[in-house]
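The following exercises concern a structure that is to be examined step by step. Please attempt each task before reading its solution.

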There are 2 protein chains.
Amino acid sequence: MLLKDIAKIVGVSSAAVSYVLNEHPMAARIGKEVAEKIRKTATELNYQPNQIARSLKTQKTYTIGLIVADIANPFSAQIARIIEDAAKQQGYTVLFGSSDENPEKEQGLIRTMMHRQVDGIIIAAVGHSEEQLHDLESRGLPFVLIDRYFPGENFSYVAIDNYRATYEAVQLLLSKGRTRIGLVSLETELFHLLERNRGYREALETHAIPIQPAFQHSVPLHRLRDEVEAGISRMLEAEEPIDALLFTTNLLALHGLRALKLRQIEIPRDIAVIAFDEADFYDLFPVSVTHISQPLEELGLAATDSIIREIARKGKPTQVLLPARLVLGASSG
Amino acid sequence: MLLKDIAKIVGVSSAAVSYVLNEHPMAARIGKEVAEKIRKTATELNYQPNQIARSLKTQKTYTIGLIVADIANPFSAQIARIIEDAAKQQGYTVLFGSSDENPEKEQGLIRTMMHRQVDGIIIAAVGHSEEQLHDLESRGLPFVLIDRYFPGENFSYVAIDNYRATYEAVQLLLSKGRTRIGLVSLETELFHLLERNRGYREALETHAIPIQPAFQHSVPLHRLRDEVEAGISRMLEAEEPIDALLFTTNLLALHGLRALKLRQIEIPRDIAVIAFDEADFYDLFPVSVTHISQPLEELGLAATDSIIREIARKGKPTQVLLPARLVLGASSG
DNA sequence: CTGAAAGCGCTTACAG
DNA sequence: CTGAAAGCGCTTACAG
């Protein structure tokens with residue numbers, strides 16, 4: 001069932017059908033009863049417009065590309081859902097892809113999405129992808145970064161203030177009288193994760209607590225479990241051991257909490273704990289886990305708003321850092 | 001940078017450029033050095049083909065629609081990732097949408113995807129959507145159901161054998177000497193979930209264990225936590241209480257395990273437990289949780305294979321029930 | 001063996 | 001006020 005079939009049946013030009021069905025201003029000139037007949041025929045024959053043909057003509061696909069690290073990761077998946085809903089409300093559909101923190105894969109996804117003429121892309125950018133983003137920028141295809149961003153670049157982004165988040169977490173631990181705070185973080189060059197480390201260090205500095213290199217442990221992503229355990233063991237067995245632990249991702253917390261449990265460390269009496277992000281098991285752990293909660297809803301909404309505004313060429317780059325929220329549990333004392 | 005721009009620069013027709021860049025058989029007739037010049041020019045000017053224009057002509061978008069219950073749900077998200085990768089390998093991209101178990105939303109998503117001319121759709125169908133699936137079928141747009149299916153319908157599907165999964169779980173509990181087995185399931189009309197209940201009942205029947213209605217508790221989705229607790233309490237406080245529990249979803253298990261922990265029930269001594277699906281916390285729980293594991297990888301691959309085969313109009317409807325796997329932990333005794 | 005031309009299904013500027 | 005025609009950017013059947 002094509003537009004021109006309806007036109008033939010009703011006895012008008014396809015232009016007339018197009019005007020009426022799209023409620024184009026030009027439809028005003030079509031007679032009332034003819035317009036009605038067009039609508040009725042379209043409904044009866046269950047006309048389904050070909051969006052591809054329309055897109056070719058209008059140069060708009062009403063499709064947003066979404067590149068996440070891994071859609072199977074709950075953080076990505078939740079963000080994806082929020083963006084899906086926000087986009088849908090504006091008539092957009094979402095094409096997604098997972099980059100696996102791999103710049104080549106990200107580049108491949110960007111290219112695929114360009115070929116498919118997405119109107120804009122929301123990207124949780126991987127490390128070392130500045131160059132390809134500059135390239136994307138030079139092509140004039142709107143994009144906005146989410147969760148990740150690059151210092152010194154002028155790209156649009158929506159992220160949380162990672163620095164402030166860990167700064168405040170450390171402050172909370174200090175206010176509970178803990179001064180020997182261990183940090184378990186990821187070995188990474190991703191700026192937003194480094195910001196978490198910086199928040200830890202500067203909070204200690206501000207409160208004149210000496211920073212002990214032995215209390216900072218960075219673990220490589222591919223040996224997460226063993227390295228988290230090893231790091232915690234070292235911190236616990238130091239001459240003057242730690243009295244608190246801050247985990248900068250939920251996976252680090254998962255392995256860390258298990259290690260603490262195995263060693264029969266009592267939380268928060270022996271060690272106070274603060275984790276990053278959400279996780280199912282935070283509620284199921286023997287003591288509820290104090291954690292830094294990212295405002296996923298706001299993050300997704302802001303990114304979608306931003307990309308749709310840039311698609312409409314309204315306004316300049318949005319660069320937003322949203323505050324994270326410290327959710328108090330029993331684990332921080 | 002358009003095809004015709006390259007044609008103009010090289011001094012050939014756009015047809016020639018199209019043939020060469022697509023490695024069309026017809027390209028054989030283009031002279032070696034001309035072909036080389038076309039390729040070189042395309043690379044130098046960074047030509048990016050417009051897939052929309054190609055799709056309009058070829059009537060293929062190389063896009064698969066994926067309708068899940070909720071992309072934020074880890075089950076959906078993991079399936080999505082597997083499908084993404086499998087589809088990508090065949091040159092397909094994935095457009096997704098969440099139906100929230102709502103037939104109207106599902107219908108809306110199907111319509112949107114039709115308008116966008118997806119080549120086929122993979123659908124985790126919601127209850128009561130048979131009619132709209134028949135409608136989709138009559139339009140000739142290929143689709144395959146995943147995870148869910150309808151008895152008596154001839155739609156293609158890829159799912160697990162839910163009946164056998166719980167049948168075997170009950171058999172395991174019986175083999176451990178447990179005969180008073182409680183079932184906590186969802187109040188639902190979704191066939192694949194009812195199959196889980198049937199597996200429980202028939203396993204008991206086969207072993208001549210009387211089925212006690214008091215040991216079967218169905219909870220409505222909107223009052224999960226309270227109802228799971230209430231149901232378990234009743235089963236524990238019965239005159240002859242249960243000695244084992246089977247949870248037919250991971251969320252039910254989450255709330256059930258917490259309830260058992262709060263009541264200081266020792267697992268598996270007092271109550272043996274088997275859960276459905278995976279969850280992070282299965283590993284973190286004081287005793288590791290025996291659970292029925294769905295073969296997500298095979299599920300996603302089979303669905304993608306199936307839809308791509310149907311798009312190519314090769315073969316008839318695939319109707320596959322894959323076996324689930326019982327992952328032994330300490331909780332089942 | 002080659003190239004010009006038609007056509008995919010729409011939208012919309014333009015001539016009457 | 002109306003309708004026929006051009007055109008979006010490709011692919012490919014067809015005439016020379």
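**Exercise 1.** In this predicted model, determine in what order the 6 strands of the open sheet of chain A are arranged, and which strands lie at the edges.

*Solution.* Step 1: reading across the open sheet of chain A, the order of the strands is 7-6-8-9-10-12, with mixed pairing. Step 2: an edge strand pairs on one side only, and this holds for strand 7 (216-219) and strand 12 (325-327) of chain A. Step 3: on average, neighbouring strands of the sheet are turned by 20° against each other, direction ignored.

**Exercise 2.** Examine how strand 8 and strand 9 of chain A are joined, and find the helix that packs on the sheet.

*Solution.* Step 1: strand 8 (residues 244-247) and strand 9 (residues 272-276) of chain A run parallel and are joined by 3 bridges. Step 2: within this pair, Leu245(A) has Val273(A) as its bridge partner. Step 3: the helix is helix 10 (residues 224-237) of chain A, which touches strand 6 (181-186) and strand 7 of chain A. The direction of helix 10 makes about 170° with that of strand 7.

**Exercise 3.** Describe the contact between chain A and chain B.

*Solution.* Step 1: chain A contributes 36 residues and chain B contributes 36 residues. Step 2: among the elements giving two or more residues to the side of chain A are helix 5 (74-89), strand 2 (93-98) and helix 6 (103-115). Step 3: this side of chain A comprises 18 nonpolar, 12 polar and 6 charged residues. Step 4: strand 2 of chain A runs antiparallel to strand 2 (residues 93-98) of chain B, with 3 bridges between them. Phe96(A) stands opposite Val94(B) there.

Technical notes: Residues numbered from 1 in each chain as written. Chains lettered and ligands numbered in written order. Predicted model: local features only at pLDDT ≥ 70, side-chain atom pairs only at ≥ 80, totals over all residues. Contact = placed C-beta atoms within 7 Å. Helix = DSSP H or I, 4+ residues; strand = E, 2+ residues; numbered from the N terminus. Nonpolar A, V, L, I, M, F, W, Y, C, P; charged D, E, K, R; others polar. Pairing = 2+ DSSP bridges. Axes fitted to C-alpha atoms, helices over the stretch in contact; angles between N-to-C directions.
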